[in-house]
Protein chains: 2
Amino acid sequence: MNARDYARNLAEEAKKASRILAAIPTERKNRALLATAELLKAGEKEIAEANRRDLEAGGKAGLSAALLDRLRITPPRLGEMCRGLEQVAGLPDPVGKIIDERTRPNGLLIRRVRVPLGVVCVIYESRPNVTIDSAGLCLKSGNAAILRGGKEALNSNGALAAIMQRALRETGLPPDAVKLVSVADRAVVGELVTLDRFIDVIITRGGESLIRAVAAEATVPVIKHYKGVCHVYVAASADPEMALEIADNAKTQRPAVCNAMETLLVDSAIAPMFLPRLRKRMERKKVELRGCPRTREILPGVKEATEDDWYAEYLDLILAVRVVDGAAAAIEHIAAYGSNHSDAIVTRDDSEARLFTERVDSAAVYVNASTRFTDGGEFGLGAEIGISTDKLHARGPMGLEELTTYKWVIWGNGQIRENSQ
Amino acid sequence: MNARDYARNLAEEAKKASRILAAIPTERKNRALLATAELLKAGEKEIAEANRRDLEAGGKAGLSAALLDRLRITPPRLGEMCRGLEQVAGLPDPVGKIIDERTRPNGLLIRRVRVPLGVVCVIYESRPNVTIDSAGLCLKSGNAAILRGGKEALNSNGALAAIMQRALRETGLPPDAVKLVSVADRAVVGELVTLDRFIDVIITRGGESLIRAVAAEATVPVIKHYKGVCHVYVAASADPEMALEIADNAKTQRPAVCNAMETLLVDSAIAPMFLPRLRKRMERKKVELRGCPRTREILPGVKEATEDDWYAEYLDLILAVRVVDGAAAAIEHIAAYGSNHSDAIVTRDDSEARLFTERVDSAAVYVNASTRFTDGGEFGLGAEIGISTDKLHARGPMGLEELTTYKWVIWGNGQIRENSQ
């Protein structure tokens, strides 16, 4: 089958399944989620075998040790997938929730009711757990899922998706509710992203180049974030000890993720006292600093930051540092160079904090906390299918509710429109 | 100035204004809205003069009488614009509203807060009142507006926008909060729709070809509806008198609008009794019927409906009629041919009504009421900037709330992330 027919078949089957899924009661969706967890535990050997084939092929193909590690399904990682499904089963079902309701003077009862989006296509890279995590969230929110993982994980994803489809079948739900793109052909993605008749949204998880490629071709709406150039601004009134802990955590706790800090902004009033302590801490953590001229006056020997550094998402133990005059200047810097992801202020001045939260136009704005908390679990959503730096539909971590839309349901008793508008 | 520079300047200025506007308190936005209404009343002559120039040019260019009528700003129409502004001033301000808040076990206070989208670009056709209506809604919701109306209304729109900018200036708000594209060059639109760095959303109001052209070129997200192929399904248990009134209203009260009915589905059990009464009523209203074979058996002489008729948005006194067997078949027809806009069932059977509301995947689903009610005012939103048949962000009539997004604002006292995820 060619890429076009393959993609269209997949999408049509998913659309059909989504129409059944939309009306399935919560209890039955939960049963399918728990059955998947059970079958995953029982299928540990079959999964390990499929994963071994991917790891072997990846080793031969010269994948880096880091990539091979991401690809590996260890027993604890399989356990996490199962726990994730059990957690999602325990979360409230957004579908059917009445968002608001009103009775109009003419007697019409007008309700907005949450409904699934329909078909959600998730495009991601190497980690196979995304297959189960995404499929679980889509199922719970009543959506059919089309999953397209990295080609290096094809066997692993195939084993995981097959088990979930078995669980759907065994619990009486349509197995087409979870469709895996099981061929590596990149052309299939190109076809999928234009099937707006069947697919309601694309969620991308992965590097910026993957996401830009998808967004450029897609006619289906894409929810995405390109990158996370996150800032911490240390205000004049900051508790320096707290600022140091937050900067350290935001930079070093897990530098390769999108909510890690890339640029530290320091108020000029506190910089002479603060920056030397920062340097000491960062040296200990093996973080390379790149500073603006004023930073380098205080910290001689620090490498010079170029214009490119302010835009950079290092995802590594590198930190750009800039001295600014006041919150307004920090806000300007973030508006000019930021990625609207996560930005923090450290301050003891509440009105300055409020100004910062109002003026910084990012998905998440923090006062006296690390940017690393931008995450569905940490925000109390229970789970997340991705993070959006878009402004429409969903912003920041996306959980079950963000996988739904609403419809207007209007009950009348014969009302007709009288005026001429 | 070439189209690219013109569009970019406009968008940059609007973006700057939007950052100021986002923090303006409700009271000051209301004052500017009311000042605009006052100045519009005072400027009646200047507006009439500009409108006269458009009407003259339009007459010479051979615009149809219907188009010229749409273009005309009569004193009552100007009065309606002013009343619209006053109404919008009276509506609650969505900006700053806390959507939800929670305190996490680690003490983080996590809030979702409504904020403006930023810069909203509205692309529309001939009616100049859209200029004031859209600018008013954008202002109240804290957004800067870029307005691009039809070229035949350039003078009228210019006079209206100039008055609103004067009101902004007089009340101390940035006049760049309302920018009008004051040149007819189509290339400017082509540039605007790709300025995703400055423009946050495009809202299109107009015919399908305009909207498709914008959506095809845009990298800025577009909220839209292409067309309204709305259905009324008359179930076996329908009150025939009510069905007749609803069908008449949905088809004839204002046939040229998107929420008018285009196809009537009639259950086979009621068709022999209902269709002859329908024909009589529709003949009186000068509506041409086009029927499926079963319709034509009951109503000999009715023109045959082709496959194209089921997809057609007539926007005229034409009605496609199909006999179907039960609600499931009606739902299938709507899924196959509908436009996800507004669809109604007429029935006395509550469980059938519930099935219909659950299974029909449209922005608005009606029980025993006319599809003509899909409208922000009729739904109690106070006003509307457009109707969306998309699923992301907003569905159905869009009011002030749909012109906002949210941000996550997190207050801590030094929290850092401990686990390794």
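Okay, let's start in the middle of a sheet: A344(A) stands opposite Y366(A), which sits in β14(A). Strand names here are DSSP runs, numbered from the N terminus, with at least two residues of E for a strand and at least four of H or I for a helix. The strands that A344(A) and Y366(A) belong to, β13(A) and β14(A), run parallel and are joined by four bridges. To get from β13(A) to β14(A), the chain goes through α15(A), and this β-α-β crossover is right-handed. Right-handed means that, with the strands pointing away from you, the path from the first strand over the helix to the second runs clockwise.

A word on what we're looking at. This is a predicted model, where local features need pLDDT of at least 70 and side-chain atom pairs count only at pLDDT 80 or more, while totals for chains, interfaces and linings use all residues. Residues are numbered from 1 along each chain as its sequence is written, and chains are lettered from A and ligands numbered from 1 in the order in which they are written.

Back to β13(A), residues 342–346. On its other pairing, β8(A), residues 230–234, lines up with β13(A) in the parallel sense over four bridges; pairing takes at least two bridges found by DSSP. There, H231(A) stands opposite D343(A). So is β13(A) enclosed or open? Five of its five residues are buried, so the strand is largely enclosed by the rest of the structure. Buried means 20 or more other C-beta atoms within 10 Å of a residue's own, with C-beta atoms placed from the backbone; exposed is 12 or fewer, and partly exposed is in between. Both faces are covered: S342(A), A344(A) and V346(A) on one side, D343(A) and I345(A) on the other.

Now the two chains. How many residues of chain A are in contact with chain B? It's 51, meeting 51 of chain B, where contact means C-beta atoms, placed from the backbone, within 7 Å. On chain A's side, α10, α15, β14 and β17 each supply at least two residues, and β17(A) gives the largest share, eleven.

How are the copies related? A rotation of 180 degrees, with 0.0 Å of shift along its axis, puts chain A on chain B at RMSD 0.0 Å, superposed by least squares on C-alpha atoms of residues with pLDDT of at least 70 in both. That's the relation of a two-fold axis. In chain A, the C-alpha nearest that axis belongs to H393(A), at 1.8 Å. And 100% of chain A's interface residues are interface residues in chain B too, so the copies meet through the same surface.

Here's a nice bit: β14(A) is joined to β17(B), residues 404–415, by five bridges, running parallel. Across that pairing, Y366(A) stands opposite I410(B). There is also an open, mixed sheet of ten strands, in the order β1(A)-β2(A)-β17(A)-β14(B)-β13(B)-β8(B)-β9(B)-β12(B)-β10(B)-β11(B). Its edge strands are β1(A) and β11(B), each pairing on one side only.

Last stop, T371(B). It lies in the loop between β14(B) and β15(B). Why do we call T371(B) buried? Because it has 29 other C-beta atoms within 10 Å. Among the residues T371(B) touches, leaving out those up to four places away in sequence, are C230(B), D343(B) and Y366(B).

How values were computed
Two residues are in contact if their C-beta atoms, placed from the backbone, lie within 7 Å.
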